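Biologist: Could we go through this protein together? I would like to begin with the vocabulary.

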Amino acid sequence: MGWFTKLLKGANHKILRGQYHGKYYEENRIWDNHCTSVDDLTDVEKEDLDRAIALSLTEEDQKGKKIVEDDSQSEEDLQLCNIEEEEDEHLGKVQPVEDEHVGKVQLEEDEHIGKVQQEEDKHIGKVQQDEDEHLAKIQLEEDEQLARAIQESMNIGLPSHYDNDSLLKPIPNLFSTGYRPCAGCHTEIGHGRFLSCIGAIWHPECFRCHACNLPITDYEFSMSSNRPYHKSCYKKQHHPRCDVCKNFIPTNSAGLIEYRAHPFWMQKYCPSHERDGTPRCCSCERMEPKDTKYLLLDDGRKLCLECLDSAIMDTHECQPLYLEIQEFYEGLNMKVEQQIPMLLVERQALNEAMVGENNGHHHLPETRGLCLSEEQTVTTILRRPSIGAGYRMVDMITEPYRLTRRCEVTAILVLYGLPRMLTGSILAHEMMHAWLRLKGYHNLSPEVEEGICQVLAHMWLDSEIYSVSGNDGAPSSSSSSSSSSPSSSSSSSKKGKRSDFDKKLGDFFKHQIESDTSSAYGDGFRLGNQAVLKYGLKRTLDHIQMTGSFP
C-alpha cells in the first residue's frame with residue numbers, strides 16, 4: 001500500500017483529521033470511514049488523487065498477473081509433488097520386495113556357509129578320530145610287543161648266535177619301583193622309563209652299542225662277549241665276509257648264513273664260488289680272491305703266486321731235493337743202495353705211465369707221484385718253462401726217457417709245478433715204495449703199504465717244519481722216535497732259510513695226510529702212525545715184513 005501511504009503523506013493535513021470507524025476486509029477492500037469529499041479538494045489535490053488512483057490501478061493489474069503466475073507455479077509444484085509421491089509410493093512398494101529378495105539371498109548364503117562349515121567340522125572330526133584310532137593301534141602293537149618280549153625273557157634263556165653271540169630284545173618299563181641303580185651310569189633310575197636287559201636295568205640313553213657307542217633304541221639287538229651291539233654294527237664286526245668276493249656272505253632260503261670253510265686255512269667263501277669258476281690253487285687248495293693273479297699251467301692246473309714262489313718246474317731243478325730225501329732215509333738207517341732215476345713229468349705223462357704200471361696203488365682222483373717197476377718210455381721235463389702273457393707257462397722243453405729194469409724199481413715220477421714242501425713229501429712217499437720193493441716186502445695190502453709210505457712222508461714234513469722253526473719245538477709225530485740220528489740234523493742244516501709260508505704249507509700237507517678219509521691212505525696212515533709211535537719205526541717194519549700187518 002505504498003501509494004496509499006504516499007497519498008496519506010501528501011494530504012496529511014486533511015486525512016489525519018478524519019477518524020476510522022469501520023473494519024477492513026482484505027478481500028473486498030471495504031473501507032468504512034469518514035473522510036473529506038472530493039468536492040472539497042483542490043485541483044492539485046485532485047490531480048494527486050487521480051494520479052494515485054491510476055497508479056493504484058496499474059499495481060492492481062500487475063498484482064493480478066502475479067497471482068495468476070503464482071497459481072500456475074502452484075499447479076506445477078502440485079504435479080511435481082504428485083510425481084514424487086508416486087515415485088515414493090513405487091519405491092515404497094519396490095523396496096520391500098528388494099529387501100525381501102536381499103534378505104532371502106543373505107539367508108541362503110548363511111545357510112550354505114553354515115552347511116559347509118558343518119561338513120568341514122565333520123571331516124575334521126573324522127580325521128581326528130582316524131588319527132586317534134591309528135595312534136591307539138600303534139600303542140596297542142607296542143604294548144603287545146613289549147608283552148611278548150617280557151614273556152620271552154621269562155620263558156627262554158639267551159639264544160646263542162655265532163659262537164656265544166646272541167640276538168636279544170630289551171624290555172622297556174614305564175616306571176621303576178624302589179632304589180635301582182643304572183648299570184650304565186650307576187645312578188638311580190628314579191621315575192620314568194627304563195630298560196631291563198642282560199640281567200640289569202638301564203636308563204634308555206645309557207644302554208649303548210659297544211661298537212658305535214650310540215644308544216640302542218631298537219627292539220632287537222645282538223650280543224657278543226656279553227656286550228650289546230646294534231644289529232647293523234654287529235653285522236659289520238661279526239657277520240662273516242667272503243674271502244673271495246669280500247662281500248657279506250648271504251643267507252640261504254631258511255634265513256641262515258651258509259658258507260664254505262677250508263678245514264685248514266679257515267678260508268670262508270660263498271657256496272656259489274664252487275660253481276662259478278673261481279680258481280683254486282692245485283697245491284694249497286685255497287680259493288683265489290677276486291682280481292688276484294695266478295699261474296695257469298699247460299695242463300689246466302692253477303697255481304697261486306705264493307706256491308709258485310717255491311715250485312719245482314723241471315727234473316734238473318728237483319735233483320737237490322731228491323738228494324735231501326735220500327739223506328733223510330740214510331738218517332733213518334734205511335739207505336737205498338740202487339740208483340733210481342727221478343723224473344719230473346706233466347700230468348699226461350704221469351697218467352700214461354700209471355696205465356702201463358701193473359703194480360702199486362694210486363691215490364684218486366689225482367695221482368701226483370709213481371714208483372715204477374716196469375720198463376717203459378716216459379716224457380720228462382728238461383728245462384723250466386717261462387711265464388708268458390696272461391701268466392701262462394710257455395717254452396717247456398721235454399724229451400722221452402727210456403726206463404730199463406735193473407732192479408725191482410725202474411723210476412720215481414713226480415708231477416711238476418708243485419711247491420717244494422709238497423714235492424718233497426711225494427718223493428718221501430714214493431721212496432718208501434721203492435725201499436719196500438728193494439727190501440723184499442711183497443704182497444702187502446694197500447692199507448699197510450700205502451699207510452707206512454704216508455707215515456714216512458709225514459715224518460719228512462715234520463723234520464722240515466722243525467728245521468724251518470729254528471728248533472722252536474719238537475716234531476709232533478712219529479718222526480720224533482727216529483729223528484735223533486745225527487745225519488737227520490746235519491741234512492737240515494743244508495736246506496737254507498725257508499719262509500714262514502713254507503712252514504704253513506708243511507703244516508697243511510701234514511693235515512691232508514692226517515685227515516685223509518680213504519681206507520688205504522687215511523686209515524692206513526693212522527694205524528701205521530700209532531704203531532710207529534708205540535713200537536718205533538724199525539720194530540714196526542720188522543713186524544710188517546714177518547706178518548704183512550701193523551703190530
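Modeller: Certainly. A residue is called buried under 20% relative accessible area, exposed over 50%, and partly exposed in between, with a 1.4 Å probe and protein chains only. His433 is buried, with a relative accessible area of 3%.

Biologist: What kind of model is this, and how are residues numbered?

Modeller: This is a predicted model, in which local features need pLDDT of at least 70 and side-chain atom pairs count only at pLDDT 80 or more, while totals for chains, interfaces and linings use all residues. Residues are numbered from 1 along each chain as its sequence is written, and side-chain values use heavy atoms, leaving out hydrogens and water.

Biologist: How many helices and strands does the protein chain have?

Modeller: The protein chain has 13 helices and 21 strands. These are DSSP runs numbered from the N terminus, with at least four residues for a helix (H or I) and at least two for a strand (E).

Biologist: What percentage of the residues is buried?

Modeller: Of the 551 residues in the protein chain, 35% are buried. The chain exposes about 33500 Å², and carbon and sulfur atoms supply 51% of that area. Accessible areas come from the Shrake-Rupley method with a 1.4 Å probe, and for residues only the protein chains shown count as cover.

Biologist: Back to His433. Where is it, and which residues is it in contact with?

Modeller: His433 is in helix H8. Leaving aside neighbours within four places in sequence, His433 is in contact with Cys371, Glu449, Glu450 and Cys453; contact means heavy atoms within 4.5 Å. The side chains of His433 and Glu449 are also joined by a polar contact of 2.9 Å. A polar contact is a pair of N or O atoms within 3.5 Å; within protein, one must be able to donate a hydrogen and the other to accept it, and residues adjacent in sequence count only if both atoms are side-chain atoms.

Biologist: Which residues touch the most other members of the largest nonpolar core?

Modeller: Leu413, Met432 and Ile452 do, in a core of 81 residues. Helix H8 (residues 420–438) gives the largest share of this core, 10 residues. A nonpolar core is a set of buried Ala, Val, Leu, Ile, Met, Phe, Trp, Tyr and Cys residues joined through side-chain atoms within 4.5 Å. Apart from the largest core lies another, of 16 residues, including Cys182 and Trp202.

Biologist: And what does Met432 contact?

Modeller: Outside its neighbours within four places in sequence, Met432 is in contact with Tyr329, Met334, Ile452, Cys453, Leu456 and Leu541. In soluble globular proteins, nonpolar side chains tend to be buried together.

Biologist: New topic: how many salt bridges are there?

Modeller: A search of the whole structure finds 12. A salt bridge is a side-chain nitrogen of Lys or Arg within 4 Å of a carboxyl oxygen of Asp or Glu. Arg286 and Glu306 form one of them, with the closest N and O atoms 2.7 Å apart. Arg286 lies in the loop between strand S10 (268–269) and strand S11 (294–296) and Glu306 in helix H5 (residues 305–308), so this pair ties together parts that are 20 residues apart in sequence.

Biologist: Are those two residues buried or partly exposed?

Modeller: Arg286 is buried, with a relative accessible area of 16%, whereas Glu306 is partly exposed at 42%.

Biologist: Which residues form a salt bridge within helix H11?

Modeller: The side chains of Lys503 and Asp507 meet in a salt bridge of 3.4 Å, N to O. Both residues lie in helix H11 (residues 500–515), four residues apart, about one turn of the helix. Lys503 is partly exposed, at 28% relative accessible area, and Asp507 is partly exposed at 23%.

Biologist: Where is Thr410, and what does its side chain reach?

Modeller: Thr410 is in the loop between strand S19 (397–402) and strand S20 (411–415). Thr410 counts as buried at 2% relative accessibility, and its side chain reaches the backbone oxygen of Glu374 at 3.0 Å.

Biologist: Last one: what does Pro419 touch?

Modeller: Not counting residues up to four places away in sequence, Pro419 touches Ser283, Cys307, Ser310, Ala311, Leu505 and Phe509. The C-alpha atoms of Pro419 and Ser283 are separated by 7.3 Å, although these residues are 136 residues apart along the chain. Pro419 lies in strand S21 (residues 418–419) and counts as buried, at 0% relative accessibility.
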